[in-house]
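Here is a friendly walk through one structure, taken a region at a time. Keep the model open beside the text and turn it as we go.

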Amino acid sequence: MTAEYSKQTIIADLTAPIADIVKRYPTQRSAIMPALYLAQEKYGFIDETAYLAISEILDVPEIWVFELASFYTLYKNKNIGKCHLQICTNVPCMLRGAYDMLEHLQTRLGISQGDTSKDGLFTLSTVECIGSCDVAPAMMVNETYHTKLSKQSIDQLLDQLTQAETESLATDILSLTQNTSSANNEPLANGQPLANKQFSENTESLTKSEPTAGPES
């Protein structure tokens with residue numbers, strides 16, 4: 001989840017952008033699907049809380065929102081990993097080894113269909129059709145299609161995704177440490193950090209203080 005998630009927050013965050021969406025359609029009901037997708041993009045998933053908020057924003061019955069959200073696989077009712085692997089198991093993909101690919105993914109990631117890896121990077125799902133029958137077996141990673149899958153191509157893809165996440169994390173950590181260092185230990189001309197300089201100045205001030213006069217004899 002990427003933002004605070006409550007009915008009140010969703011209404012506050014999405015009323016204006018959903019109003020813009022409504023302008024494109026002849027009825028409020030027609031805006032339900034893009035409104036759901038907007039909520040999912042912002043919060044990572046949508047559930048009963050989002051259904052209630054969207055039904056209130058659009059002034060439509062909640063059942064209209066629920067029936068669409070529960071029918072289409074593009075809507076997720078729980079938080080998922082950063083990389084959502086959706087492998088097609090419909091007939092054309094099945095005939096070209098989709099279940100072998102699914103088994104390989106489960107073994108490689110150490111999770112079952114519907115689960116998320118412990119590091120939060122991968123969620124594995126099956127879907128009925130992603131419209132790539134001519135290049136089966138096929139899988140979507142988030143919104144990107146990967147076709148003509150093989151165990152080797154899957155391994156290469158997972159390695160690339162893992163490496164990209166590791167490099168992104170390393171960059172974030174490096175940026176954070178650099179910013180902290182810059183703020184708290186600004187280098188001086190003599191190479192001494194600002195924090196150390198302040199400590200030295202304070203110490204020097206104490207050692208150079210005039211001795212306190214003793215009692216008069």
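Let us begin on the surface, with Lys23, which is exposed at 67% relative accessibility. This is a predicted model, and everything that follows should be read with that in mind. Lys23 forms a salt bridge with Asp20, and their closest N and O atoms are 3.5 Å apart. Asp20 itself counts as partly exposed, with a relative accessibility of 43%.

How many salt bridges does the model hold by this rule? The count comes to 6. The general idea is a familiar one: side chains of opposite charge can pair when their charged atoms come close.

Another of these pairs is Lys7 with Glu56, whose side chains meet at 3.0 Å, N to O. Lys7 belongs to helix α1 (residues 7-22) and Glu56 to helix α3 (residues 48-58), so this salt bridge ties together parts that are 49 residues apart in sequence. Lys7 is partly exposed, with a relative accessible area of 28%, and Glu56 is also partly exposed, at 46%.

Now move along the chain to Lys82 and Glu165, whose side chains meet in a salt bridge of 2.9 Å, N to O. Here too distant parts of the chain are linked: Lys82 sits in the loop between α4 (62-71) and β1 (83-88), Glu165 sits in helix α7 (residues 151-184), and the two are 83 residues apart. Lys82 is exposed, with a relative accessible area of 56%, while Glu165 is partly exposed at 25%. There is a network to find as well: salt bridges with shared partners join Arg108, Asp155 and Asp159.

From charges, let us turn to the nonpolar interior. In soluble globular proteins, nonpolar side chains tend to be buried together. The largest nonpolar core in this model has 25 residues, and the members that touch the most others are Ile18, Leu36, Ile46, Ile54 and Leu58. Helices α1, α2 (32-43), α3 and α4 are the elements that each give two or more residues to this core. Which of them supplies the largest share? That is α3, with 6 residues.

Ile54 makes a good place to look around. Setting aside residues up to four places away in sequence, Ile54 touches Ile18, Ala35, Leu36, Ala39 and Val65. Apart from this core lies another, of 18 residues, which includes Ile87, Ile111, Ile154 and Leu158.

Stay with α3 a moment longer, since Ser55 is found in this helix. Is Ser55 buried or exposed? With a relative accessible area of 9%, Ser55 is buried. Its contacts, leaving out neighbours within four places in sequence, are with Val60, Pro61, Glu62 and Val65.

Our last stop is helix α6, which runs over residues 98-109. This helix has 12 residues and reaches 16 Å from its first C-alpha to its last, close to the 16 Å expected at 1.5 Å a residue. Its buried residues are Ala98, Met101, Leu102, His104, Leu105 and Leu109. Seen down the axis of α6, these buried residues fall within an arc of 165°, so they line one face of the helix. The spacing fits a general rule: an α-helix has 3.6 residues a turn, so residues three or four places apart point the same way. Just after α6 comes Gly110, which takes a positive phi of about 70°.

Note on methods
Residues are numbered from 1 along each chain as its sequence is written. This is a predicted model: local features need pLDDT of at least 70, side-chain atom pairs count only at pLDDT 80 or more; totals for chains, interfaces and linings use all residues. Side-chain values use heavy atoms; hydrogens and water are left out. Helices (H or I, at least four residues) and strands (E, at least two) are DSSP runs, numbered from the N terminus. The expected span of a helix is 1.5 Å times one less than its number of residues. Buried means under 20% relative accessible area, exposed over 50%, partly exposed in between (1.4 Å probe, protein chains only). The arc is that of the directions from the helix axis to the C-beta atoms. A salt bridge is a side-chain nitrogen of Lys or Arg within 4 Å of a carboxyl oxygen of Asp or Glu. A nonpolar core is a set of buried Ala, Val, Leu, Ile, Met, Phe, Trp, Tyr and Cys residues joined through side-chain atoms within 4.5 Å. Contact means heavy atoms within 4.5 Å.
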